[in-house]
Amino acid sequence: MLIGLSALLLVCASAFAHGVAEGDKGYIQEIAGVHLLPFVYLGAKHMVTGYDHLLFLFGVIFFLYRLPHVALYVSLFALGHSTTLLAGVYFGTNVSPYLIDAIIGLSVVYKALDNIGAFQRWFGFQPNTKVATLVFGFFHGFGLATKIQEFEISRDGLLPNLLAFNVGVEIGQLLALAAILIAMGFWRRSGSFLRHAYAANIALMTAGFVLTGYQLTGLFIS
């Protein structure tokens, strides 16, 4: 698990904002009308390759052992993500992708700090993790919404295509979540989980800081 997290950290260092593959970019720019299945595929592809989303989800479920609790937090994240993705593109809300992705990096930092109990030790209080998950979900959705707008997606069939894309995002999230839960299940049954939980969250926090720093650098030099 620690090796896998380190690999995600390396991915963060080489990433540049909310990436959409060049082939997908060309497809989005060229089509018009309703294309439900392609947009479902694009949404699912984005989520399962979205390292920032996966890092945040990894942090969210790190100490969640019961499926109802996992479902609640993932649903809050999905609600936030879906709302700003759909509204951001449909109403043309324009925010710097570097700034949004820097905040997304900070969401990973926040969750790692939350997992190691830093807020309770430093400030004597525990933030509401449900509210934080929803709020950061809003920022995760804005990240992709901002990037999609750069591709000047056709207004013809926009709403059905966006809904299909969002369905794909949720499908991809479920697939990624299933893989994470399976890996976490094996790790938790070993004696190394509690021994390495702190180190894993420090690595998670480092990944968040790397992502934030990379995006702020892009913001200042763009």
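**Notes on an all-helix model**

1. A good place to start is Thr146, which sits in helix α8; helices here are DSSP runs of H or I with at least four residues, strands are runs of E with at least two, and both are numbered from the N terminus. This is a predicted model, where local features need pLDDT of at least 70, side-chain atom pairs count only at pLDDT 80 or more, and totals for chains, interfaces and linings use all residues. Residues are numbered from 1 along each chain as its sequence is written, and side-chain values use heavy atoms, with hydrogens and water left out.

2. Back to Thr146: is it buried or exposed? Its relative accessibility is 2%, so Thr146 counts as buried (buried means under 20% relative accessible area, exposed over 50%, partly exposed in between, with a 1.4 Å probe and protein chains only). Leaving aside residues up to four places away in sequence, Thr146 touches Asn94, Val95, Ser96 and Pro97, where contact means heavy atoms within 4.5 Å. The C-alpha atoms of Thr146 and Pro97 are separated by 6.0 Å, although the two residues are 49 apart along the chain.

3. Phe142 is also in α8. With 22% relative accessibility, Phe142 counts as partly exposed. Its contacts, not counting residues up to four places away in sequence, are Thr84, Gly88, Thr93 and Ile100. From the C-alpha of Phe142 to that of Val89 is 8.6 Å, and 53 residues separate the two along the chain.

4. Val89 turns up again with Glu152: their C-alpha atoms are 9.9 Å apart, with their positions 63 residues apart along the chain. Glu152 belongs to the loop between α8 (129-149) and α9. At 67% relative accessibility, Glu152 counts as exposed.

5. Now the whole chain. It has ten helices and zero strands, so to speak a plain run of α-α-α-α-α-α-α-α-α-α along the sequence. Of its 222 residues, 50% count as buried. Among contacts between residues at least 6 apart in sequence, 86% join residues at least 24 apart.

6. Next, α5 against α9. Two packed helices are described by the angle between their axes and the distance between the axes. The axes of α5 (residues 67-90) and α9 (residues 158-188) come within 10 Å and cross at roughly 150 degrees; axes are lines fitted to C-alpha atoms, for helices over the stretch in contact, and angles run from 0 to 180 degrees between N-to-C directions. That makes α5 roughly antiparallel to α9 (under 35 degrees counts as roughly parallel, over 145 as roughly antiparallel, 65 to 115 as roughly perpendicular and the rest as oblique). Residues in this contact include Phe77, His81 and Leu85 of α5, and Leu162, Asn166 and Glu170 of α9. By class, the contact of α5 with α9 has 17 nonpolar, four polar and one charged; Ala, Val, Leu, Ile, Met, Phe, Trp, Tyr, Cys and Pro count as nonpolar, Asp, Glu, Lys and Arg as charged, and the others, Gly among them, as polar.

7. α4 is worth a look too. Eleven of the eleven residues of α4 are buried, so this helix is largely enclosed by the rest of the structure. One neighbour is α3 (residues 36-49), which packs on α4 (residues 51-61) at about 60 degrees with the axes 5 Å apart. That makes α3 oblique to α4. Here His46, Met47, Val48 and Thr49 in α3 meet Tyr51, His53 and Leu54 in α4.

8. How do α4 and α8 pack? Their angle is about 175 degrees and their axes are 12 Å apart, which makes α4 roughly antiparallel to α8. Asp52, His53, Phe56 and Val60 in α4 meet Thr133, Phe136 and His140 in α8. The residues of this contact divide into three nonpolar, three polar and one charged.

9. Last, helix lengths and ends. The 24 residues of α5 should span 34 Å at 1.5 Å a residue, and its end C-alpha atoms are 33 Å apart, which agrees; the expected span is 1.5 Å times one less than the number of residues. Just after α5, Gly92 takes a positive phi of about 70 degrees. Helix α6 (residues 97-115) reaches 27 Å over its 19 residues, close to the 27 Å expected. In α6, 16 of the 19 residues are buried, so α6 is largely enclosed by the rest of the structure. Gly117 follows α6, with a positive phi near 70 degrees.
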